[in-house]
Amino acid sequence: MAHSHSLSLSLLSATLLILCSLAHATYPGHILTVVNNCPFPIWPAIQPNSGSPVLEKGGFALPSLTHRSFPAPTQTWSGRIWARTGCSHSHNHFSCLTGDCGGKLECNGAGGATPATLAQFVLHHGPNDLWSYGVSLVDGFNIPMTVTPHEGKGVCPVVGCKANLLATCPDRLQVRSPAGHGPVVACKSACEAFGTDELCCRNKYNSPHTCRASSFSQYFKQACPATFTYAHDSPTLMHQCSSQRELKVIFCH
């Protein structure tokens with residue numbers, strides 16, 4: 001009887017060891033968490049760069065004061081996350097006031113309409129898995145956002161924009177809904193508002209030497225210094241953090 005009990009314990013231990021090994025192989029321990037701290041629902045969207053897989057079907061609803069966690073990709077991955085706001089579903093048509101990805105709840109790899117606050121990521125797998133991350137206002141602003149790493153090593157700051165720029169957005173950059181007289185729902189980039197080569201860093205202005213900050217990008221920079229605010233902004237704003245357990249994207253932090 002004792003021998004049978006000992007054998008059962010050995011088999012149980014071996015089974016647990018195999019299960020743990022399988023779990024480690026398929027779920028390496030890196031977690032992405034999207035948090036909605038806003039007093040209203042949002043619809044986060046995720047767009048991979050070319051060659052990277054779509055995560056969580058590219059988009060989902062996230063009620064106020066809730067979060068959604070999912071395993072990070074097991075291969076090298078790069079892409080962006082943003083929030084869609086003011087979404088509605090009526091007459092079989094889904095649409096959002098900001099960040100809309102072609103009228104779909106699940107973006108499935110599609111990009112979003114500007115203006116929108118963006119978090120950008122690159123995940124490199126190796127001896128020490130390395131996340132590069134930053135928050136960009138190059139395409140404008142629609143909602144406060146931060147990126148927060150947990151238990152990482154190296155340079156792992158919290159970055160992003162905690163300020164609500166909708167309250168202070170310059171008149172010429174404001175997006176209102178309904179148009180013209182409704183509340184401000186987003187703040188355009190100068191490129192989107194005026195479309196000049198200089199403000200868009202196009203053609204002869206498309207280099208670090210000719211693409212310069214403008215008074216409009218300086219407005220974003222003063223409010224949110226730890227963000228990219230124009231196309232050739234400082235590359236040191238893209239931080240690298242190794243071996244963190246979790247990376248949180250927090251809206252209305």
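Helices (H or I, at least four residues) and strands (E, at least two) are DSSP runs, numbered from the N terminus. With those names in hand, let us take a tour of this predicted model.

**View 1. How confident is the predictor in this chain?** The protein chain has an average pLDDT of 88, and 89% of the residues score at least 70. Residues 1-27 are a stretch to read with care: their pLDDT stays under 50. For residues 1-27, the model has 2 contacts beyond four places in sequence.

**View 2. Asp171 sits in a loop, and Gln174 in a strand**. Look for Asp171 in the loop between β11 (159-161) and β12 (174-176). Is Asp171 buried or exposed? Its relative accessible area is 66%, and exposed means over 50%, so Asp171 counts as exposed. From Asp171 to Val184 there are 13 residues in sequence and 9.7 Å in space, C-alpha to C-alpha. Now find Gln174, which belongs to strand β12. Gln174 has a relative accessible area of 18%; buried means under 20%, so Gln174 is buried. Leaving aside residues up to four places away in sequence, Gln174 touches Cys169, Val184, Ala186 and Lys188.

**View 3. Glu106 and Lys57 pair up across distant parts of the chain**. Side chains of opposite charge can pair when their charged atoms come close. The structure holds 4 salt bridges, and one of them joins Glu106 to Lys57, with the closest N and O atoms 4.0 Å apart. Glu106 is in the loop between β6 (93-95) and β7 (118-124), while Lys57 is in the loop between β2 (43-48) and β3 (66-71). The two residues are 49 residues apart. Glu106 is partly exposed, at 31% relative accessible area, whereas Lys57 is exposed, at 51%.

**View 4. Arg202 and Asp197 form a salt bridge**. Here the distance from N to O is 3.1 Å. Arg202 counts as partly exposed, with 36% relative accessibility. Asp197 is partly exposed too, with a relative accessible area of 29%.

**View 5. A buried pair, Asp233 and Lys221, meets at helix α4**. How far apart are N and O in the salt bridge between Asp233 and Lys221? The distance is 2.7 Å. Asp233 lies in the loop between α4 (215-223) and β14 (239-242) and Lys221 lies in helix α4, so their pairing ties together parts 12 residues apart in sequence. Both partners are buried. Lys221 has buried company in α4: Phe216, Ser217, Tyr219 and Phe220. The buried residues of this helix pack against β13 (184-187) and α2 (190-194).

**View 6. The largest nonpolar core has 28 residues**. Which of them touch the most other members? They are Ile42, Ile46, Phe121, Trp131, Ile143, Val147 and Phe251. Several strands give two or more residues to this core: β1 (31-36), β4 (77-84), β7, β8 (130-136), β9 (145-150) and β15 (246-251). Zoom in on Phe251 and count its neighbours more than four places away in sequence: they include Val34, Val35, Cys38, Ile42, Ile81, Trp82, Ile143, Pro144 and Met145. Apart from the largest core lies another one, of 12 residues, including Phe141, Cys187, Tyr219 and Cys224. You have already met Tyr219, as one of the buried residues of α4.

Terms used: Residues are numbered from 1 along each chain as its sequence is written. This is a predicted model: local features need pLDDT of at least 70, side-chain atom pairs count only at pLDDT 80 or more; totals for chains, interfaces and linings use all residues. Side-chain values use heavy atoms; hydrogens and water are left out. A salt bridge is a side-chain nitrogen of Lys or Arg within 4 Å of a carboxyl oxygen of Asp or Glu. Buried means under 20% relative accessible area, exposed over 50%, partly exposed in between (1.4 Å probe, protein chains only). pLDDT is the predictor's confidence in each residue, from 0 to 100. Contact means heavy atoms within 4.5 Å. A nonpolar core is a set of buried Ala, Val, Leu, Ile, Met, Phe, Trp, Tyr and Cys residues joined through side-chain atoms within 4.5 Å.
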